[in-house]
Amino acid sequence: MAAVKTFGERIADALVEDGLLKAAQVEELLEQQKKEGTRLIKLIADKGLVTESDMAVSMGRVLNVPPVNLPRCGISLEVAELLPRDVCQNHKVLPISRLENKLFLAMADPLNVLAIDDVRRITKMDVSPMIASEKSILDKLHNLDSGKVGTMDDIIDAAKQAEDAAEAEGLETVKETAEQVNLDQLAASSEEAPVIKLANLILVQAIKERASDIHIEPFEKMVRLRYRVDGALLDKVPPPKNLQIALSSRLKIMSSLDIAERRLPQDGRMRVKVAGRDFDLRVSFLPTVHGEKVVLRVLDKSNLSASMDKLGLDADTFRRFKAAVDAPHGLLLVTGPTGSGKTTTLYSALNELNNPEYNIVTVEDPVEFQIPGINQVPVKKEIGLTFASALRSILRQDPDIVMIGEIRDTETAEIAVEAALTGHQVLSTMHCNDAPGAIARLDDMSIAPFLISSSVVLACAQRLMRRICSHCKEPVTYPEKMFLDLGITQNFFEGATIYRGRGCDRCNNTGYSGRAAILEAMTVTDDIRKAIIARASSMEIGKIARSQGMRTLRDVALDKVREGISTLEQTLVVTAAH
């Protein structure tokens, strides 16, 4: 008489029938099971031989339980609230829908009779099990919780109620110091409902308000929350001080960082989905006197221009920039301070160049936006993968176009120049004030003038000007001193109307909404090459470029004022007189 097969063996047979496992693999697993005494299903899962979703489908077939695709399943909050979250978490179950007195329940283990009994007792309903992977159930639970962020006042009230309840039960709240780290307590507190809601609220609110950065700053008696919107930091309702450590731990867990390390800086990244759109966030933790300061940079792919003609450049600057991008080889430099949109501009150029004819490789610290069709290499200094070492390897990968996130040192500059001279198109950024300053910066890095003049085809300087809010835009008259400060006369705007934002609810009473890029593009002509070889100063090179038609940042900014896009105040703030 043939031996009755165990449940695990029946599942393994179903996986073989479905073409997901080979019979030889099952034999090996059965041998291992005999030696180790481990469940067969666990062995299959641990070895990663079959995905969780495929395993769930095969298990459902054996058990005659229908599978459910949770990621595509819409679950109403009314149904989801039929079971407490802790019950769902403990039993790995999730209510999907109800029909009169019948509850359809997604389960990671439909054989768990205790779970079914608990659900039946709590809901007073008949339970109809459906099978889903454990991961999909936990992910769905997290997404459902993320959708209920509430307001900061709700979170503060919930935290206060939890604290009052703990005191009423005689529990002593442990106040942790920087030297005390209770890992279990940290992990547990970061998974509490008020903390999850607080983290979600901060992220969702920032994205809705178009913030580029989120600053969470601890002080002795309070925690300050600020968003950087259109380049300016704005104060928001502060989170509760007593949730400071738990909030930091929650953000670390979301960024896959070490929650126990609070003495050293840490950097990470996370991905969140808000209103159906994916957002990448770069996260930085910095230890301060009163705890960890957290800064999250929001990377929104929708800010990337599909092509250069959508960057909003004036006709002359666009012509110069397009000619350099279309050049078969050479070095194109975009300069400016941090946060001036340099990388976004280069990504827009790469989008234009991105086609199967070219092998495009980038080296970045870190990779800000992931673009299909482009090979992107992240710098990892801790293991010796620097810009220079990565570039050496990239040049052995037969590239046509190379983008370097930033030229910071002599070694990287030398390799970039050599690559440009050997038939590669190289795009990179640098930190300096204007386009001619890029030449002086390379000279400071000990790059020979004849190499600079032969390799650089275009040097640009970029800034971001704040746009006037379209909802409160109104004409304005400026005193003569404002025009004198800008080195122009009132006649400069003859025939044009100058505007300024009055301030309204739509723009947080700032008068501005959004930003526009302004670009100073210096094409390296024969005259400029001669000046570079003669080691002329950046001021002298700038004079030659302006005499040949280069429009400075100030010129381009004043055009934005004439067009009613920005203000004279912004022109003074973001540009320097030449």
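Helices and strands are named here as DSSP runs, numbered from the N terminus, with at least four residues for a helix and at least two for a strand. On that basis, the place of Lys92 is in the loop between helix H6 (85–91) and strand S1 (93–99). The model is a predicted one, and the values discussed below are computed from it. Within this loop, Lys92 has a phi near 55°, which is a positive value in a residue other than glycine.

A second loop also deserves attention for its backbone. Strand S11 (360–364) and strand S12 (375–378) are joined by a loop that contains Pro366. The peptide bond leading from Asp365 to Pro366 is cis, and its omega is near -10°.

The account now turns to the packing of helices. Two packed helices are described by the angle between their axes and the distance between the axes. For helix H11 (residues 193–208) and H12, the axes come within 9 Å and cross at roughly 70°. Angles of 65 to 115 degrees count as roughly perpendicular, so H11 is roughly perpendicular to H12. The crossing in which H11 passes H12 is right-handed. On the H11 side, the contact is made by Val195, Ile196, Leu198, Ala199, Ile202 and Leu203, and on the H12 side by Ala246, Leu247, Arg250, Leu251 and Met254. Sorted by class, the contact of H11 with H12 has 10 nonpolar residues, no polar residues and 1 charged residue.

Another pair is formed by helix H13 (residues 315–326) and helix H14 (residues 342–353), whose axes come within 11 Å and cross at roughly 55°. H13 and H14 are therefore oblique to each other. Their crossing is right-handed. H13 contributes Phe321, Lys322 and Val325 to the contact, while H14 contributes Thr345, Ala349, Glu352 and Leu353. In the contact of H13 with H14, the residues divide into 4 nonpolar, 1 polar and 2 charged.

Further along the chain, helix H17 (residues 435–444) packs with helix H21 (residues 538–547) at an angle of about 140°, and their axes are 8 Å apart. H17 and H21 are therefore oblique to each other. H17 passes H21 in a right-handed crossing. The contact draws on Pro436, Gly437, Ile439 and Ala440 of H17 together with Ser538, Ile541 and Gly542 of H21. By class, the contact of H17 with H21 has 4 nonpolar, 3 polar and no charged residues.

The remaining topic is internal space. Rolling a probe the size of a water molecule over the atoms shows where empty space is left. A search of the whole structure finds 1 cavity of 30 Å³ or more. The largest cavity holds about 40 Å³ of space. Its lining consists of Ile216, Glu217, Pro218, Val223, Gln244, Leu247, Ser248 and Glu292. Strand S4 (211–218) and helix H12 (244–254) are the elements that give two or more residues to this lining. The lining residues of the largest cavity divide into 4 nonpolar, 2 polar and 2 charged. Leu247 links this cavity to the helix packing described earlier: Leu247 is one of the lining residues, and Leu247 of H12 is also among the residues that make the contact with H11.

Notes
Residues numbered from 1 in each chain as written. Predicted model: local features only at pLDDT ≥ 70, side-chain atom pairs only at ≥ 80, totals over all residues. Heavy atoms only, no water. 1 Å grid on protein atoms, 1.4 Å probe; cavity = no way out; pocket = protein on both sides within 12 Å on 5 of 7 lines; lining within 4 Å. Points joined across faces, edges and corners; volume = space filled by probe spheres on them. Nonpolar A, V, L, I, M, F, W, Y, C, P; charged D, E, K, R; others polar. Axes fitted to C-alpha atoms, helices over the stretch in contact; angles between N-to-C directions. Parallel < 35°, antiparallel > 145°, perpendicular 65-115°, else oblique. Left-handed = near helix turned anticlockwise from the far one by under 90°. Contact = heavy atoms within 4.5 Å.
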